[in-house]
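Work through the two exercises below, which concern the linings of open and closed spaces in a protein model. Each task is followed by a solution in steps.

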Amino acid sequence: MAEVIIVGAGPTGLLLAGDLAESGIEVTVLERRDGKVSNLSRAFGVHARTLEQLDARGLADRLVPMGAALSKVRLFERVEVDLGTLTSRFPFLLITPQYNVEHLLLERALKAGVEIVYDAEVLGLTQDATGVTVTTPAGERRAAYVVGADGYHSAVRQAVGQPFAGKSVLKSIMLADVKVAEQPAEMLTVNGVGDAFAFVAPFGDGYYRVFAWDRRHSVPDDAPLDLDEVREVTRHALGTDFGMHDPRWLSRFHSDERQVPEYRTGRVFLAGDAAHVHSPAGGQGMNTGLQDAANLSWKLAAVLRGAPEALLDTYQAERHPVGRSVLRSSGALIRAAMIESAAGRAIRGFAARQALSIPKIHKKITGQLTGIGYHYPAPEHAHELVGTRAGDLPLAGGDRLYEALRERRFVLVGDADVTGWQDRVRVEPPAEPGGPLVLVRPDGYVGWAGTGTADLHRALTELAGPPVIR
């Protein structure tokens, strides 16, 4: 029997599975699709915080060469966000198709021993005080915990009865994979003109992905689509269609804004698109799901190895507000792009440029867009660092903090006695001595900071479980 069953082998499910398996947890992934990684994914941007999480798993330096780094992102017209100011090893947006991320995460999960079962549709589940039983066409499987990372139409979400409140924001968005006669001048080309917008990004294999939307023509997702319609809307939004030709795929979809009220129902958790979906503006969907997985994985591993069950409640407390914030920020971007009148668009551009010229506002916007700026709630009277993202500190031994995190253990930056927790904590003095002891969680956030060994041991018991005395 697996200790954890994950439903869904997309990026969220695969990162979670790899984390758990590398932590010594027995994991099974159930995937209703066959074993092929689709190239029809909608995500194309990997933000800085996600790259940091991949760095903590030894994958970022393999992914970055597969894409193109953008230090500035244009939102519309002459409004740009400068990512070069980020205090990160990755001060850019990486443009690369989702399937490149999936390939790396799948390879890692399999290497760690994850069992992936394809053509395994979830028909239902039941849970009791000791575990969860999942029903598939091939029979029943049981685990201590189940995570639904099975997307917008999540069978797990439906089985636990979680509502998916929200609404459709854009209907009849056109998608096309095409070749072009004229290569776009920018790696990421996007603009909205009120009644239309278009987005063009490269796959890296000679094809480009086009998203196009026309306010004047809203039809069902299954309505026929031809390349001429995509060309016309793209010309309207961008001034050119780049001579697009030879489509290998054409489709329509609609974009929703939805979020479940509870990410946890007993022993069942929801992550990624099963828990929240956003407008495509800002490219935050896949990134938010990967952050969900990074947050939940170490907590499940800790509880399964003896940490207090209450630790799992912090997944809701920490990630639900982030999902809500992404809904608001991506929604604000898409509504700004949809302003119809020329006067309204002029005011939009002026106001956005003025706001971004103020350093404090620019920092907040880049922090939200890239995930760098999010922090988690801290207990009352906790050190000011608790809940914040840990920067990639240089360590006395020559490693960086995020290299040290690759062992899937806590990293104590400083020098203190962790007898009984050596299997779960790596002690690393900083390259520059001084400051408090800082306990960095496996997801790269500060779990505790202070100076007292007794306080440190209490924090370790709460976050990692009791000491093991041999």
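Helices, as the term is used here, are DSSP runs of H or I with at least four residues, strands are runs of E with at least two, and both are numbered from the N terminus. The model is predicted.

**Exercise 1.** Describe the second largest pocket by its volume, its central residues and the elements that line it.

*Solution.* Begin with the volume, which is about 520 Å³ for the second largest pocket. Next, turn to its 24 lining residues, of which Pro-379, Val-386, Gly-447, Glu-462 and Leu-463 are the closest to the centre. Then assign the lining to elements: helix 7 (285-304), helix 8 (313-337), strand 24 (446-450) and helix 12 (453-464) each give at least two residues, and helix 12 provides the largest share, with 5 residues. Finally, sort the lining by residue class, which yields 15 nonpolar, 3 polar and 6 charged residues.

**Exercise 2.** State how many cavities of 30 Å³ or more there are, and characterise the lining of the largest cavity.

*Solution.* The count, taken with the cut-off of 30 Å³ or more, comes to 2 cavities. The largest cavity has a volume of about 130 Å³. Of the 16 residues that line this cavity, Thr-288, Gln-291, Thr-370, Gly-371 and Tyr-374 lie closest to its centre. Two or more lining residues come from each of helix 2 (48-55), helix 7, helix 8 and helix 10 (359-370). Sorted by class, the lining of the largest cavity holds 5 nonpolar, 9 polar and 2 charged residues.

Notes:
Residues are numbered from 1 along each chain as its sequence is written. This is a predicted model: local features need pLDDT of at least 70, side-chain atom pairs count only at pLDDT 80 or more; totals for chains, interfaces and linings use all residues. Side-chain values use heavy atoms; hydrogens and water are left out. On a 1 Å grid over the protein atoms alone, a cavity is a set of points where a 1.4 Å probe fits but cannot get out, and a pocket is an open set with protein on both sides within 12 Å along at least five of seven lines; lining residues have an atom within 4 Å of a point. Grid points are joined across faces, edges and corners, and a volume is the space filled by probe spheres set on the points. Ala, Val, Leu, Ile, Met, Phe, Trp, Tyr, Cys and Pro count as nonpolar, Asp, Glu, Lys and Arg as charged, and the others, Gly among them, as polar.
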